[in-house]
Amino acid sequence: MNPRSIRFRLAAYQVCLLAAVLIAFSLAAFWGFRRHLTHSVEAQCANLTRQIAESLLANVHVSGVDYLRDEVQEHYDLETNNLFVRIVQPNGTVVYESGEPRDRSFSPPRMSFLPNLKEPKVEVDASHRRLVFVRPYRLPQGEFYQIQMVASLQPVHTSLQGLWQVQVLLFPFALLISASGSAVLVSRSLNPIRQVIATAQKINSGNLRQRLVEASSGDEIQELTRTLNQMLDGLEASFKQMIQFTADASHELRTPLTVIRGNLELVLQNKMALDSYPKTAEVQETLAQTLEEAERLSKTVSQLMELTQLDSGEIQLEHEVFDLTELVATTADQMKLLAEDNQIQLEMLLSPQVKVQGDRYRLKQVLLNLIDNAIKYCPAGTRIQIRLAPADSGYVLEVKDNGPGIPSGEIQRLFDRFYRIDKARSREIGGSGLGLSICKSICEGHGGRIEAESALGRGSTFRVTLPPTTTLALSGKEAP
Ligand code: ADP
């Protein structure tokens, strides 16, 4: 058995625990039993000395010492019962003394009258295996006596020895039974984990669709299986997303590269006639087009990089507190000229002094992208409204237009990478389909969200919701 396996360790812990419990229990039982037996002997001595005192010693004046001796001898048969009694007076006179115990289990101690003894006194002499009980007794006439009784502790010792032997004998058996029982039980309860491991080992990038069988046992193993399956769901989705992303990215990069390559080939074919005027103009136009494609390519690559860095946390968002109203107003002012060039009216409806905590530059980037999109995709004569207001869950920044709108089926996918509704038109106006993905990353990095609301022919509203300043969590980091 592998000593590092959970099965081995659990069984070992259980055996150790049982051993500790058994030892503690045995010691407690031993101690308790010894106490109980010693108390019984003590109670017996107390009882007998009281009887001797009250029924015989009390009448010694009337009945005489001889009568007392005979009575004690006759009624209590001390030697046979392995008891010893001595009755002494303060001057050392021994009124009565029994013989030694018949079984010779102890030798009676030489004791004289104990001065100043008011209450009965008990002394356990473990080394001589005897218990000494001394009861003081004063007669009504004023005479003082002490009844010294010595009892054997040998029976106590023998019983304890028996108990100890039973415990020592049972201890290894109990451990053995517990060890094998725990090994079987632990092994049985870990079987489902082994199945989980076996299935999990079969899952790789090629068959991420496979799932672990979830037993409805309601225990931790079911929870573990469910968690692993949820993790696999996430992994599969990320994997699919990654494949889709790679395919989209290659496709996006291939188009401008094809154009650039084609144009350069065209120029090379025409190189011999570069100095003839009409050809020169044609070449220049081709080169200008090539440059445009190269610029588009470079923009797409830098946007892709930015997105990756935002997602991986490589770009760290600032978390300063600033006036968002002012930022929105100045940004909108900067875009006003572009809007007017496109004969689009830009309106603002801003609550004053909206303070947020975040990255001023990145939030401006979100706003620029939303206004730029609205200008790009809305025809002349339309209107863009920018609204900033407090809301239940923080602050809301809206960029609303009354342009062509977005088909309802497409709204969900707007924030996907490279997603464009009309690819040809979007490309024509220089769109890469990455702008809204970047906006989403930035908003989520601020602990907020971005969503779109639109209907075909009735314009679109892009709504950014930012959490209140105090609860703002930036990329999982605490604000200072
Ligand atoms: P792009 O760089 O192509 O503009 P975006 O991610 O910013 O990429 O936008 C994705 C797509 O969403 C755009 O291609 C466009 O089809 C659509 N879109 C964005 N904003 C608007 C808008 N205000 N009105 C209509 N369509 C829009």
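The following exercises, with worked solutions, concern a predicted model of one protein chain.

**Exercise 1. Overall form**

Task: Determine how many helices and strands the protein chain has, and whether the chain is a compact globule or more spread out.

Solution. Step one is the inventory: the protein chain holds 11 helices and 12 strands. Step two compares the radius of gyration with the globule rule: the value is 50 Å, whereas the rule gives 23 Å for 480 residues, so the chain is more spread out than a compact globule. Step three adds the dimensions: along the principal axes, the C-alpha atoms fill a box of roughly 160 × 55 × 40 Å. Step four turns to burial, where 22% of the 480 residues are buried. Step five considers contacts between residues at least 6 apart in sequence: of these, 65% join residues at least 24 apart.

**Exercise 2. The pair H4 and H5**

Task: Classify the relative orientation of helices H4 and H5 as parallel or antiparallel, and describe the residues by which they make contact.

Solution. Begin with the geometry. Helix H4 spans residues 154–202 and helix H5 spans residues 220–269; their axes come within 10 Å and cross at roughly 15°. Angles under 35 degrees count as roughly parallel, and H4 and H5 are therefore roughly parallel to each other. The handedness follows: H4 passes H5 in a right-handed crossing. On the H4 side, the contact is made by Pro192, Ile193, Val196 and Ala200, and on the H5 side by Ile221, Leu224, Thr225 and Leu228. Sorted by class, this contact has seven nonpolar residues, one polar residue and no charged residues.

**Exercise 3. Two partners of H8**

Task: Describe how helix H8 packs with H7 and with H11, giving the handedness of each crossing.

Solution. Take H7 as the initial partner. The axes of H7 (residues 324–341) and H8 (residues 360–377) come within 10 Å and cross at roughly 30°. That angle makes H7 roughly parallel to H8. The crossing of H7 with H8 is right-handed. From H7, the residues involved are Leu327, Val328, Thr331, Ala332, Met335, Leu338 and Ala339; they meet Arg360, Leu363, Lys364, Leu367, Leu368, Ile371 and Ile375 of H8. The classes in this contact are 11 nonpolar, one polar and two charged residues.

Now take H11, which covers residues 435–445 and packs with H8 at an angle of about 145°, the axes being 9 Å apart. The crossing of H8 and H11 is left-handed. H8 contributes Arg362, Gln365, Val366, Asn369, Leu370 and Asn373, while H11 contributes Gly435, Ile438, Cys439, Ile442 and Cys443. By class, the contact of H8 with H11 comprises six nonpolar, four polar and one charged residues.

**Exercise 4. The surroundings of Arg417**

Task: Locate Arg417 among the helices, decide whether Arg417 is buried or exposed, and list the residues that Arg417 touches beyond its sequence neighbours.

Solution. The location comes before the environment: Arg417 lies in the loop between helix H9 (408–411) and helix H10 (423–428). A residue is buried if 20 or more other C-beta atoms lie within 10 Å of its own. Arg417 has 20 such atoms within 10 Å and is buried. Leaving out residues up to four places away in sequence, Arg417 touches Phe245, Asp248, Gly433, Leu434 and Ser437. As a further separation, Arg417 and Thr255 are 162 residues apart along the chain, and their C-alpha atoms are separated by 16 Å.

**Exercise 5. Positive phi outside glycine**

Task: For Asp77 and Arg104, give the phi value, the loop and the exposure.

Solution. Consider Asp77. Its phi is near 40°, a positive value in a residue other than glycine. Asp77 sits in the loop between helix H3 (65–76) and strand E1 (83–88). With 12 C-beta neighbours inside 10 Å, Asp77 counts as exposed.

Consider next Arg104. This residue is not a glycine, yet Arg104 has a positive phi of about 55°. The loop in question lies between strand E2 (94–97) and strand E3 (121–125) and contains Arg104. Arg104 has 10 C-beta neighbours inside 10 Å and therefore counts as exposed.

**Exercise 6. Glu410**

Task: State which helix contains Glu410, and how far apart Glu410 and Ala19 are in sequence and in space.

Solution. Glu410 belongs to helix H9. The exposure of Glu410 is partial, with 14 other C-beta atoms within 10 Å. Glu410 and Ala19 are 391 residues apart in sequence, and from C-alpha to C-alpha they are 68 Å apart in space.

Note on methods: Residues are numbered from 1 along each chain as its sequence is written. This is a predicted model: local features need pLDDT of at least 70, side-chain atom pairs count only at pLDDT 80 or more; totals for chains, interfaces and linings use all residues. Helices (H or I, at least four residues) and strands (E, at least two) are DSSP runs, numbered from the N terminus. The radius of gyration is taken over C-alpha atoms; the globule rule is 2.2 Å times the number of residues to the power 0.38. Two residues are in contact if their C-beta atoms, placed from the backbone, lie within 7 Å. Axes are lines fitted to C-alpha atoms, for helices over the stretch in contact, and angles run from 0 to 180 degrees between N-to-C directions. Angles under 35 degrees count as roughly parallel, over 145 as roughly antiparallel, 65 to 115 as roughly perpendicular and the rest as oblique. A crossing is left-handed if the near helix is turned anticlockwise from the far one by less than a right angle, and right-handed if clockwise. Ala, Val, Leu, Ile, Met, Phe, Trp, Tyr, Cys and Pro count as nonpolar, Asp, Glu, Lys and Arg as charged, and the others, Gly among them, as polar.
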